[in-house]
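Colleague: I am new to this structure and would be grateful for a guided reading of it. May I put my questions one at a time?

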Amino acid sequence: MENNNESKKVIFSGIQPSGNPTIGNYLGALRNWVKLQDEFDCYFCIVDLHAITVKQVPKELREKTLEMLAIYLAAGIDPEKNTIFIQSHVPAHSEAAWLLTCNSYMGELSRMTQYKDKSKKYGDNDSIGAGLFVYPVLMAADILLYNTDLVPVGQDQKQHLELARDLANRFNNAYSPTFKVPEPYIQKAGAKIMSLQDPTKKMSKSDENANAYILIMDPPEVIRKKVSRAVTDSLGVVNYSDEQPGVKNLLNILIAIKGSTPEELVEYYKGKGYAELKKDVADSIIGELEPIQTKVKELLKDKAYLESIYKKGAEKAHYISMKTLRKMQKKIGFIPR
Ligand code: TYM
């Protein structure tokens, strides 16, 4: 298969189609991907194998997977320039994950903060899925299969990226150079959007309180309501400071969307109150999301088009990933068939 992107550096990233994506996913990941697609050879995956680490309703998983594909496209990811695919369509991911699992340690996996947080939420060891525990190894497999140079993600994925680097180095040392060791690519603006209800916590689609997050598909009036209810403080002065995490988070949203600097915004809001700041934040989110929402709805009406994209993506991803998987198998000592 031709590959006219050979001289470009490779990017890999993905979003889980579990629940509904938030502006955290958008500002921390998706929006940055759009800016990278000309310069890099990009693989953008909808990571459904990751989504099943917690229980999913099959019908909803199917719907969310297609919706996520529509969101990628509507946000501006060009299917002609990038490889867009669904993780479960490319079996090398599961298989490489197993090979890497056998080169991973219980200790390093149990130190993953996301695992610790999630397992706290799901209770004792008899109700925490083993998939949640080995999930970062699957993520490493995703990345390493494509000889990825850079992984654009939000701050919360940094530790998983470090594990992917460790696993790559370990495999390279145990056998012989096989994997490129990937670098995280974390943009400062939008890297960690916080909960609107508790700005010391990351904004997450799995939060029980719907006021804590803004969904990519939230209608304008819902966005206004959620932003107006965002927790701030009683100081009444717009500063970009850790002492005012709620206000800082609202400013960070503006910074990520508008590209302004914290200093410019603090200067602009001198003598103005939180109501004005919140109105501007809501306006800018709506301005950014409305065209995407319209496109998503249109795209979801054309299932044949969506199918043509994920099929083409899977073909290319399969071809590239199998090359790496075969190398891994051979080095481990499996007999080629
Ligand atoms: P996921 O689905 O939880 O999130 C997708 C992307 O969104 C970013 N993100 C945020 N960024 C800023 N502020 C937030 N509040 C926020 N919440 C989420 C995440 O950092 C991520 O970039 N394991 C990954 C998916 C994955 C992946 C991969 C990523 C699987 N394989 C390979 C990169 C490369 C995850 O669960 O992301």
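Colleague: Into which class of accessibility does N147 fall?

Modeller: N147 has a relative accessibility of 27%. Buried means under 20% relative accessible area, exposed over 50% and partly exposed in between, with a 1.4 Å probe and protein chains only. N147 therefore counts as partly exposed.

Colleague: On what basis are such values given, and which pLDDT do local features need?

Modeller: Residues are numbered from 1 along each chain as its sequence is written, and side-chain values use heavy atoms, with hydrogens and water left out. The model is predicted: totals for chains, interfaces and linings use all residues, side-chain atom pairs count only at pLDDT 80 or more, and local features need a pLDDT of at least 70.

Colleague: Where is N147 found, and what is its phi?

Modeller: N147 is found in the loop between α7 and β4 (150–152); helices (H or I, at least four residues) and strands (E, at least two) are DSSP runs, numbered from the N terminus. N147 is a residue other than glycine, yet its phi is positive. The value is near 50°.

Colleague: Which residue does the UniProt annotation "binding site" cover?

Modeller: The annotation comes from an unreviewed UniProt entry. UniProt positions follow the numbering used here, feature names are shortened, and annotations may be inferred rather than shown by experiment. The residue covered lies in helix α7 (residues 130–144). It is D142.

Colleague: Is D142 buried or exposed?

Modeller: The relative accessible area of D142 is 2%. That value is why D142 is classed as buried.

Colleague: With which side chain does the side chain of D142 make a polar contact?

Modeller: Not counting residues up to four places away in sequence, D142 touches F12, V47, H50, Q87 and H93, where contact means heavy atoms within 4.5 Å. A polar contact is a pair of N or O atoms within 3.5 Å; within protein, one must be able to donate a hydrogen and the other to accept it, and residues adjacent in sequence count only if both atoms are side-chain atoms. For D142, the separation is 2.9 Å, and the partner is the side chain of Q87.

Colleague: How do the axes of α7 and α8 lie relative to each other?

Modeller: The two axes come within 9 Å and cross at roughly 65°. Axes are lines fitted to C-alpha atoms, for helices over the stretch in contact, and angles run from 0 to 180 degrees between N-to-C directions. Angles under 35 degrees count as roughly parallel, over 145 as roughly antiparallel, 65 to 115 as roughly perpendicular and the rest as oblique. The helices α7 and α8 are therefore roughly perpendicular.

Colleague: Which residues of α8 meet α7?

Modeller: On the α7 side, the residues are Y135, P136, V137, M139, A140, I143 and L144. They meet, in α8, H160, L161, L163, A164, L167 and A168.

Colleague: Which backbone atoms does the side chain of N172 reach?

Modeller: N172 lies in helix α8 (residues 158–174) and is buried, with a relative accessible area of 13%. Beyond residues up to four places away in sequence, N172 touches P177, T178, F179 and V181. Its side chain comes to 2.8 Å from the backbone nitrogen of T178, and a polar atom of that side chain lies 2.9 Å from the backbone oxygen of F179.

Colleague: How are α4 and α13 arranged?

Modeller: The axes of helix α4 (residues 92–101) and α13 come within 10 Å and cross at roughly 30°. That angle makes α4, relative to α13, roughly parallel.

Colleague: Which residues of α13 take part in that contact?

Modeller: From α4, the contact involves A92, E95, A96, L99 and L100. From α13, it involves S321, M322, L325, M328, Q329 and I332.

Colleague: How far is the C-alpha atom of K303 from that of L66?

Modeller: K303 is found in helix α13 (residues 303–332) and, at 45% relative accessibility, counts as partly exposed. K303 and L66 are 237 residues apart along the chain. Their C-alpha atoms are separated by 8.5 Å.

Colleague: How far apart in space are V237 and S18?

Modeller: V237 is found in the loop between α9 (220–228) and α10 (245–258). V237 and S18 are 219 residues apart in sequence. From C-alpha to C-alpha, the distance is 38 Å.
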